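Here is a short report for a reader new to this structure. Look at the chain below, then read on.

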Amino acid sequence: MTIEQAILEKVRVLSPEKQQEVLAFIDLLQADEWEKLYKGKFRELQQEIHIGIEAADRGELVDAEAVFQRLREKLQQKRAQAGQ
């Protein structure tokens, strides 16, 4: 089986909407936009890390356990709302 055949078989079973997403992704790859997007996201991440390091250097830290506890509480609230 060729790569083209494998791709066709996988795409064939997708919904029309998902097939459109695959086509859009292929267009993105062909236009080399993915590289610009990836590099842009990577730069954003580097900037956010730099901001975090600067805040930590100033002593502006948040207790990790407190953050995770708040996230767990929010998740429980969302699950409770979804279950109603």
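## Charges and overall form

The chain carries 13 positive and 16 negative side chains, and the centres of the two sets lie 4 Å apart. Lys and Arg count as positive, Asp and Glu as negative; His and the chain ends are not counted. A charge is placed at NZ of Lys, CZ of Arg, CG of Asp or CD of Glu.

This is a predicted model, where local features need pLDDT of at least 70, side-chain atom pairs count only at pLDDT 80 or more, and totals for chains, interfaces and linings use all residues. Residues are numbered from 1 along each chain as its sequence is written, and side-chain values use heavy atoms, with hydrogens and water left out.

The chain has four helices and zero strands. Helices (H or I, at least four residues) and strands (E, at least two) are DSSP runs, numbered from the N terminus. In sequence order the pattern reads α-α-α-α. The radius of gyration is 21 Å, well over the 12 Å that the globule rule gives for 84 residues, so the chain is more spread out than a compact globule. That radius is taken over C-alpha atoms, and the rule is 2.2 Å times the number of residues to the power 0.38. Along the principal axes, the C-alpha atoms fill a box of roughly 55 × 40 × 20 Å.

How much of the chain is buried? Of its 84 residues, 1% count as buried. Buried means under 20% relative accessible area, exposed over 50%, and partly exposed in between (1.4 Å probe, protein chains only).

## Confidence

The average pLDDT (the predictor's confidence in each residue, from 0 to 100) is 90 for the chain. A score of at least 70 is reached by 99% of the residues. Helix 1 (residues 3–12) has the highest mean among the elements, 93, and helix 3 (residues 33–57) the lowest, 88.

## Two helices

The expected span of a helix is 1.5 Å times one less than its number of residues.

| Helix | Residues in helix | Expected span | End C-alpha distance |
|---|---|---|---|
| Helix 2 | 15 residues | 21 Å | 21 Å |
| Helix 3 | 25 residues | 36 Å | 36 Å |

Just after helix 2, aspartate 32 takes a positive phi of about 60°. Glycine 59 follows helix 3, and its phi is also positive, near 85°.

Isoleucine 49 lies in helix 3. This isoleucine 49 is partly exposed, with a relative accessible area of 47%. Its C-alpha atom is separated by 41 Å from that of leucine 8, 41 residues apart along the chain.
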